[in-house]
Amino acid sequence: MAGAATILAWGVHALIPAIPILTAAVVLGIIVAQVPRALPAVTGILAPGLSVAAKRLMRVGIVLLGLKLSLVDIASLGWLSILTVVVVVLLTFGITIWLGRIFRLPGHQPLLIATGFSICGASAIGAMSSIVKAKDKETATPVALVTLCGTLAIAVLPLLWHPLGLNAVDFGHWVGASVHDVGQVVATAQTAGAAALGVAIIVKLTRVLMLAPMVAVASLVVRRRSLAADSAANGGKRPAIVPLFVAGFICAVLVRTFIPLSEPVLEVADTLQTIMLAMALFGLGTAVRLRELVRTGWRALVVGLLSWVVIAVLAYAAVQFA
């Protein structure tokens, strides 16, 4: 089912290029989960497969995502631009967690919303949720919020390009530093031309690189708590110090940087990465229950919108500073 949804999402993107494939996949998952006749199958016979898609295929997709990243391209931004990107990610992450606690969001929701909005959208949420063992309900709301705000960015940011006095390159920098998923960045930045798109992708991929250390730190925290909770008798399973998919992501980045890869190889890897992530995001989308979100999720919605504004303002300030 996730594979069929990915094909459909690809068709939607082909018909309406402004809609990224991954965004379409999440939205399709959310739509399916709201259909009363489909819900028993989604929560029953299809649940094991959707779980594999949302978790295991997500990890494979993130490893392949590393092949998009070249440290040489990132270094071309200059140390000041790289520093501002890192600062924006860390500040957005910290402020969003703080907002989540102020609004008393349950469980891991503050962490997952902070991860999605500051780093790379629903993909980052899926990666972090697998580390902290978040429940599907905890993951569903952040995925819905980051999809909503990323889609809003596609429509809103181009309208602010000229009023904010940005040239094309600065607009690309702003988009790359503030929009969530890579596909959403492409859809937003391409409105300002090729130069803006090129800068936006490099800045965005610099943010994606932050996924590895952030997830690794979360894994260490979870492991430390696990060690504290375990007794010598129960022999509980402890999280890896560095999750395997994070190590794979780092290796893929190093391969992309130091080993010349032909364009056909990169194109195949990019296609596989898109398929894996689209299937995973469809699986995550099927966990969203809009009625519950509307009834009980207004606080999460406020936190998501505030985080969206925070990262947009911080990224704009970074562009002016750099």
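This tour moves through a predicted model, stopping at a salt bridge, the cysteines and a charged patch on the surface.

Begin by selecting Lys68 and Asp270, whose side chains meet in a salt bridge with an N to O distance of 2.4 Å; the structure holds 1 salt bridge, and this is the pair to display. Lys68 sits in the loop between α4 (47-65) and α5 (71-75), while Asp270 belongs to helix α14 (residues 263-285), so the contact ties together parts that are 202 residues apart in sequence. With the surface switched on, Lys68 is partly exposed at a relative accessible area of 29%, and Asp270 is likewise partly exposed, with a value of 30%.

Next, turn to the cysteines, bearing in mind that the structure holds 0 disulfides. Select Cys120, which is in no disulfide and whose nearest cysteine sulfur, that of Cys149, is 16 Å away; with 3% relative accessibility, Cys120 counts as buried. Then select Cys251, which is also in no disulfide, the nearest cysteine sulfur being that of Cys120 at 18 Å. Cys251 is partly exposed, its relative accessible area being 47%, whereas Cys120 is buried.

Finally, select Lys55, Arg56, Arg59 and Lys133 together and show the surface, where these residues gather in a patch of positive charge. To place one member of the group, follow the chain to the loop between α7 (109-132) and α8 (136-160), where Lys133 lies. Lys133 counts as exposed because its relative accessibility is 63%, and the cut-off for that class is over 50%.

Technical notes:
Residues are numbered from 1 along each chain as its sequence is written. This is a predicted model: local features need pLDDT of at least 70, side-chain atom pairs count only at pLDDT 80 or more; totals for chains, interfaces and linings use all residues. Side-chain values use heavy atoms; hydrogens and water are left out. Patches are made of residues with over 30% relative accessible area and no salt bridge: like charges are joined within 9 Å, nonpolar side chains (Val, Leu, Ile, Met, Phe, Trp, Tyr) within 5 Å. Accessible areas come from the Shrake-Rupley method with a 1.4 Å probe; for residues, only the protein chains shown count as cover. A salt bridge is a side-chain nitrogen of Lys or Arg within 4 Å of a carboxyl oxygen of Asp or Glu. Lys and Arg count as positive and Asp and Glu as negative; His and the chain ends are not counted. The place of a charge is taken as NZ of Lys, CZ of Arg, CG of Asp or CD of Glu. Helices (H or I, at least four residues) and strands (E, at least two) are DSSP runs, numbered from the N terminus. Buried means under 20% relative accessible area, exposed over 50%, partly exposed in between (1.4 Å probe, protein chains only). A disulfide is a pair of cysteine sulfur atoms within 2.5 Å.
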